[in-house]
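I opened this model to look up its sheets, its cores and a few single residues. My entries follow in the order in which I worked.

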Amino acid sequence: MTPEAALPKTGDVESVPKQEAADVVADLADDAPIGRMLIALDIDGTVLLEDDTLSPGVVEAVADAHAAGHEVMLATGRSWDSTQPIMQRLGIRPEYAVCSNGAIVMRREGDGDAAAYVRAHVETFDPTEVLALLGEHLADAHFLVELPDGTRLFTDYLDDWNLEGANKVAFAQLSEHAVCRVVVVAPEQTDQDFLELVERIGLTQVSYAIGWTAWLDIAPQGVDKSTALELVRGWLDIAPERVLVMGDGRNDIEMMQWAVRNGGRAIAMHQGPPEVHAAAGEVGLSVTEGGVAAILRAL
């Protein structure tokens, strides 16, 4: 058949107004599959409530997203030891997990429930200077450091922190090794007190995030959830615009800005502070209202 013979006869093709044709194309685009997504979820205040129960509907919504072919993973300030149990409760075994505010990336080796996770990427720094500064200004604070192998050393009990397997040591011993992060908890301080302290003493060579309550989480300079997630995104070969992140705290700001800057989506939980809302650009329901489930069901 010649090319000319394959063409329809004059009058056989119905033409429609330009706008109507555009509407048809738009409808088709809306119905088309969006492709595999990288979905990174914070833990505390995002998938977990304050009483340590799961956000309503999150387990089912995560399972549905996984069944649709998306990579659903956690990006948290928690250590790996505290992250793994949450993955089990959610029923997920993603290829990667971002822990310790981006200083640790864990990778699953193999498939199946027996597959182990190993450290795929580790960032460290010398904590001597920052500990000396903070120890001078926060003499009554409680300190914890995390070593590259996951070992945690602490000076005093930290409320609401899982210290199972951690070792209590003297303050001076915290500076004996390179660390992935330093955690400072000061029960008598407020988050505003910490903001003012950080500005006053001029912390350098580190990245930091300040929690809802009086705790400060310090990571190697230039390291946060976004730097780790960019590694994961590249390893998984997922386009930047296929990224969705959700969180509620100040340590989620960088990953939200990274997602939005590269064409992805970032959604802040409703109960988060204004600066987190501003970084995300989208604000969902609160964790108690099932914010994560609502977003995932709408994908």
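**Entry 1: the parallel sheet**

I began with helix α7, which lies across β1, β2 and β12 and runs at about 155 degrees to β1. I keep in mind throughout that this is a predicted model. The sheet under that helix is one I traced as open, with 5 strands in the order β2-β1-β12-β13-β14 and parallel pairing. At its edges I found β2 and β14 (282–283), and since each has a single partner strand, one side of each is left without a neighbour in the sheet. Between β1 and β2, which run parallel, I noted 4 bridges, and across this pair Leu-41 stands opposite Leu-74 in β2.

**Entry 2: Arg-233 in α7**

Is Arg-233 buried or exposed? I looked this up because an arginine in helix α7 (residues 225–236) could be either by the cut-off of under 20% for buried and over 50% for exposed. At 14% relative accessibility, Arg-233 falls on the buried side. The Arg-233 side chain makes a polar contact of 2.9 Å with the side chain of Glu-230. Beyond residues up to four places away in sequence, I listed Leu-38, Ile-238, Ala-239, Pro-240, Val-243 and Trp-258 as touching Arg-233.

**Entry 3: the nonpolar cores**

Which residues have the most contacts inside the largest nonpolar core? I found that this core has 35 residues, and that Ile-39, Leu-41, Val-47, Leu-74 and Val-292 are those with the most contacts inside it. Among the elements that give two or more residues to this core are β1 (38–41), β2 (71–74), β12 (243–247) and α10 (291–297). I followed Leu-41 further and, leaving aside its neighbours within four places in sequence, found it in contact with Val-47, Val-62, Val-72, Met-73, Leu-74, Ala-75, Met-246 and Val-292. Apart from this core lies another, of 26 residues, including Leu-131, Ala-141, Phe-194 and Val-206.

**Entry 4: the mixed sheet**

I then traced an open sheet of 6 strands, with the order β8-β7-β6-β9-β11-β10 and mixed pairing. Its edge strands are β8 (167–168) and β10 (206–210), each of which pairs on one side only. Strands β9 (residues 181–185) and β11 (residues 215–220) pair in the antiparallel sense over 4 bridges, and here Val-183 has Asp-217 in β11 as its bridge partner. Two helices that pack on this sheet were worth recording: α5 (residues 128–137) touches β6 (142–146), β9 and β11, its direction making about 170 degrees with that of β6, while α6 (residues 191–201) touches β9, β10 and β11, its direction making about 160 degrees with that of β10.

**Entry 5: strand β6**

Why is β6 described as largely enclosed by the rest of the structure? I counted it so because 5 of the 5 residues of β6 are buried. His-142, Leu-144 and Glu-146 lie on one side and Phe-143 and Val-145 on the other, so that both faces are covered by this burial. Toward β9, β6 runs antiparallel with 5 bridges, and Val-145 stands opposite Val-182. Toward strand β7 (residues 152–154), β6 pairs in the antiparallel sense over 3 bridges, with Phe-154 as the bridge partner of Leu-144. The hairpin of β6 and β7 has 5 residues between the strands, and within the hairpin Gly-150 takes a positive phi near 100 degrees.

**Entry 6: cysteines**

I closed with a search for disulfides, and the structure holds 0. Cys-99 is buried, with a relative accessible area of 0%, and Cys-180 is buried with a value of 0%.

Note on methods. Residues numbered from 1 in each chain as written. Predicted model: local features only at pLDDT ≥ 70, side-chain atom pairs only at ≥ 80, totals over all residues. Heavy atoms only, no water. Buried < 20%, exposed > 50% of the residue type's maximum accessible area, 1.4 Å probe, protein only. Polar contact = N/O pair within 3.5 Å; in protein donor to acceptor, adjacent residues only side chain to side chain. Contact = heavy atoms within 4.5 Å. Core = buried A, V, L, I, M, F, W, Y, C linked by side-chain atoms within 4.5 Å. Disulfide = S-S within 2.5 Å. Pairing = 2+ DSSP bridges. Axes fitted to C-alpha atoms, helices over the stretch in contact; angles between N-to-C directions.
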